[in-house]
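Got your viewer open? Load the model, switch to cartoon, and keep the selection box handy.

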Amino acid sequence: MNKHRLHRGLLRRLACLLKARKREARKYATGGESAPLRALTAAALALPGLSPATAQAAPGDEAGFQYGHYTEGQRQLYLGTRSKYNPIQVDTLLGSGKLTLMDRWKFAFHYVQDTWSGATPIATAPLAFGGNHQTVSGASPYLQGKGVLRYDRSFNTYRRNETTGDYVKDNRLVHTLSAASPETRMQGDFRLGYEWDESAFNLGGGVSNEPDYYSNFVNTDARWDFNQKLTSVDLGLSYTNSEINAKLNPEASQYFDYSSYTKQIDVIPGPDATPTRIINGLRQDWSTRLGVSQVLNKDAVLAGGMSYTRSTGYLANPYKMVEFIFVDPNQTPEDAGTPGIPPLLVPQVQAVMERRPDERNQFSWDARYVQFIESLDAAVHLDYRFFHDDWGINAHTFEADWVQPVGDGWTVTPRFRYYSQDEADFYQPYWLFKNAEPTFSNGKIDLSKVPVSNYSSDHRLSGYGAIGTGISVSKAIGKAIQLQGSFEYYTHAGGLKLGGGGEDSYANFNFYQFNAGIKVDLSAPSLMGDLGLSEHAGHEGHHHEHHAHGAPLPAGVMFGHMMEQSGQTMVGYRFMWSLQDGDILHGSNPVSDATVIDQGCGGRQKCSLLPKDMSMYMHMLDIMYAPTDWLNLMLMPQFMDMDMNLRQPPGAPPPPSEGGHNHGGNPHHATGGVGDVGLYALFKLFTFQHHHMHATLGLSAPTGAVDLKLVSGDYEHYGMQLGSGTWDFKPSLTYTGQWDDWSWGGQLSGTHRMESENEVGFAFGDIFQASLWGSYKFMDWLSGSVRGIYTAQGAINGRYKAPHQIVGPMDMPNSYGGRYWDLGMGLSAVVPSGTFKGNTLSVEWVQPLQDDVNGYQLERDGALNATWSIAF
Amino acid sequence: MFQSRPRGSGPALPAWCLSFTLAMTCFALAGCAEVKPWERGHLAKPQMAMEPYPEQAALRAHTYGGREAATGGQSTSGGGCGCY
C-alpha cells in the first residue's frame, strides 16, 4: 500500500463517519422512521399491475436481469388432429435498474424484449366448411374453404364425408390458424421520482417498437402517506399513443374483404405483381388509477384500487378475420343424395377483417390482502380483481400465493390463479345470416347492408375461464445477490367460465411459462465498506482499486480480468450490437448486384434476394466466482437476437413463393432467444510487479437453437440461427500490464468446434483472434482505450441436411467467415466512492478497417460493446 | 354484484364504485389497531411485500395481457402491444 492510498483510506473512513452522523440526524428529524418502516411503505406501494410502484418495490438500489420463456401447447384442430404448425413460443429478456441519483431523487429504467414465432388462430369456421384441413397447404384455402358446407332449413350444419360423398350433420367449429415469421418487440422506459418525507412524485415514459406497432407513453403518479404511514394513497395517470402499420398477408389478402378499411390501407405494387397492402391505424389510451393501502395490524395489510382506461382509435387486430355465412332460405335446396338427409341449402361465405368499436372504456377494481403467519414465518397473499368494460366484458381474477421462507436463503412460493370472463357483445365464432349475401354489382360484399357494424371472432373476446398454477423459488446468496425462478402451467377452457356458457372446447388451449433471473443489490457492497463492518470488506475495497479501478479493460475484451481473492464473486452484464450494411463484398472488393445474382448462389442458380442490412444483438451475463486466488470459475448465459432486411434487386429472378419470402416488397426476418451457454475456468499464470498473465479454458454448450425455420418450413439463413449447435472449445491467453496512469494488454483467443456437424448438418468455422490494447487514465474514475483486433474465421463446414431454399448468398455455407482488421475505441468508468462504489461501466466502438470475406458477404459497419460489472 | 351482467343492461359501475369508496373509507377511518414503528417488524419482511417478485409479476402480466381481455391496459404505465 503506498502513501497515496493510505491517505485516501483515511479520508474515506472520515467520510463514513460523517455520513453515519448525518443519517442519525435525519432519522430523528423524520420522527424516527425505521428501516423496516421504509421497507414497508415501499412494499405497500407495490400494487398489482401498477408500474409506478414497481419502481420502488425494494428499498435498495438494484440491477436485475430476467429471462422468460412461453410455449403454447399444440392447438387441437378436430377429431384428435393437431395443427401442423408450431404453436406460439416467446422468449423474453428483461433488464432493469433502480438508482438513487441524489438523496431524494430516484431513477429507474427498464428494458424488455420479446421475440415470438408460431401459429395463432385468425378466424373460426364450421368444421364442415373444409377450411382448416390438414392435407391442404398454403394460406388461401384456409379462409376460402372447399365449397362443401351445407345447411338444412333449420340452419344445422352438414359435413360431407370426402370418401363416401355422404353428408352428416356436424355443428362443430374449428379455428383457422396462421403462422408468421419471428418478430421482436423492444421496449425501453424510465422513471424519475422525488421523495418527500410523507409523499412522493414520479414521472416516467418510454417507447415500444415492433415491426407493425410503435407506441410511446408518458405517465405520472403521486403518493401520500397518512396516519404515521399506516395509510397510503396513490394516484396515477398515463397516456399512450400507438401507431399501427401492419402488412396484410399478400397471399391471403386476396381472399378476404378489407373494404371497410379502404381509407386506411396503402397499396404498394410489388415487383412480381403481388401488391403489398399496409393498414394504418392510430390508437390512444388514457389511464388513471387511485389506490389505497392500509396497515390493519402488525401482521396484516390491505390494499385496494380502482382504475379507468379509455382507449380510442383503431382497436382491432389487423390479423384477425371473421367468417360471414349467408344462407338464402329462398333458394331451391340441393338433394343431398344421402338417405335420411333433407335437401340442403348452399351458403355464400365471405371472410372479412374484424371490426371493433373505436372506443373502449375499461374499469377495474382490485383488492389485495396480505397476512403474516407467525408460526411458519410465511405470508399469505389473497387478491381479487373485477373488470368491466363497455364492450360487454365482465371479468374476475382470483389469486392466492403462499410465500414461505424455508431457510438458508431459500423462499418457495406456490401460486394459484383463476380468471373468468364473459364474451364481448360483438364476439361470435362466426356470423350466420339468413339471407342472400348483399353484393355490389362487381360481386363484392356490400358491408353497409350487413346488419352488424362491429364483429370479431378473436377468441380472446370469447367467454371462458382459465386456471394457472405455479411456483416461484428464490435463493439469496450473501447480502447482494438473489436468484429467482418460476414456473406456471395455464389452462384456458370455455368450460371453466364462471356460471357456464363459455366457448366450445375447440378453442381450449394451454401453455406453460418459466423464467429465471438474477437481482443484485447495488448498495450492499458499499454498505459493508462504508460502515467498516469488517476488515475483510476494507481489503475488498483496496482490491477493487487495484484491478477494476487501476487497469481498465476495453469493453470488448472478454476473460481479461481475474479476481485474486478467494471467495469473491463478480456479476456483470455485457451487450454487443453489430451492424452489417452497405456493399456486398467478394474478398475485399465491393461487387455489383448483377455479379452477386449470377455468382452468389453457387453459379448453377441465380440469387433472387440479397441482404440489405443485418443487425445482431447479444446480451450476456457474467457470473464469476473465485474458489482460490489462482482459479476463477465463470458462467456466461447468452441471449441473441438478429434481424435482417432483404431486397429484391432488379434483374433477379422472383423468389420461390413457397420459400417464405414472397411477402411482396422487401422481406424482413427476425430471430431471438437463448444462445449458447459458456463455462470457463481462468488460471493465474503469474503476477509479477506490473505484469499479469492468465489462461482461460472454456466450453460453449449448444443451448442456442440452430433449427429455426421460416413460415414455409425452410431453414433460416445460417447466420440467423441463435447458437452454433456444436460443443465448442474456447481457450485464451491474456497478458495485462500497468504503470502509473497507463495500462496495456494483449490477448490471443480461439474457438474450436469439437464436432464436425451439428444436429441439422453444419458447423460454423473455427475462430482465431488476436488483440492488443493500451489505455490511459484521464481522471481518477475515467480512462480511454485504443485496441487493434485481428480476427480470422473459417467458412461453414457441411450444410443443412434437409431441403433448403437458396435465395441469396447468406444461404451458401462458403459465404461465411473471413479475415478482419478492426480498431476499437473505448471509455471505461469506475465509481470511486458512494453508494455505487466499485461499479464499472465500459463502452467501446469497434470500427472495421479491412474485410477480406469468404464468398459473398455484406460489408460490416461497426460494433458497439458495453459492459457493466461489480464484484463483492 | 359480481355475477355476469345480463346483456343489454346498463353498466354496474356506480354501485361497485360506491361500495369501493365506502369500504376504503371504512377501513381507513375505523381506527385499525394502531401499529407502533417498533411493532412493524413482520410487516417489513420481504414475504410481506405486496408483490414479492415484481419482475416475475410483470412478465406474467404481459403474458396474460396477450391472452385475456381484461388484463391488458390496466396499469397506468402505458406500453406497447407485443400481443402475439
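This tour makes two stops in chain A of a predicted model.

**Stop one: a loop residue**

Select A:Asn171 and show its side chain. You've landed in a loop of chain A, with strand 8 (167-169) on one side and strand 9 (173-195) on the other. Is A:Asn171 buried or exposed? Neither, quite: its relative accessible area is 44%, so A:Asn171 counts as partly exposed.

Next, add A:Asn156 and A:Thr157 to the selection; A:Asn171 touches both, leaving aside residues up to four places away in sequence. Zoom in on A:Thr157: its backbone nitrogen is 3.0 Å from a polar atom of the A:Asn171 side chain.

For a sense of scale, pick the C-alpha atoms of A:Asn171 and A:Thr411. They sit 50 Å apart, with the two residues 240 apart along the chain.

**Stop two: strand 34 and its partners**

Now select residues 677-688 and 691-701 of chain A, which are strands 33 and 34. They run antiparallel and are joined by 11 bridges. To check the register, find A:Leu682, which stands opposite A:Thr696 in strand 34. Which residue in the turn has a positive phi? That's A:Gln689, at about 50°, in a hairpin with two residues between its strands.

Stay on strand 34 and bring in residues 732-739, strand 36 of chain A: six bridges join this antiparallel pair. Here A:His694 faces A:Thr734 as its opposite number in strand 36.

Last, add residues 728-729, strand 35 of chain A, which runs antiparallel to strand 34 and is joined to it by two bridges. Label A:Ser700 and A:Asp728 to see one pair of bridge partners.

Definitions and conventions:
Residues are numbered from 1 along each chain as its sequence is written. Chains are lettered from A and ligands numbered from 1 in the order in which they are written. This is a predicted model: local features need pLDDT of at least 70, side-chain atom pairs count only at pLDDT 80 or more; totals for chains, interfaces and linings use all residues. Side-chain values use heavy atoms; hydrogens and water are left out. Helices (H or I, at least four residues) and strands (E, at least two) are DSSP runs, numbered from the N terminus. Buried means under 20% relative accessible area, exposed over 50%, partly exposed in between (1.4 Å probe, protein chains only). Contact means heavy atoms within 4.5 Å. A polar contact is a pair of N or O atoms within 3.5 Å; within protein, one must be able to donate a hydrogen and the other to accept it, and residues adjacent in sequence count only if both atoms are side-chain atoms. Two strands pair if DSSP finds at least two bridges between them.
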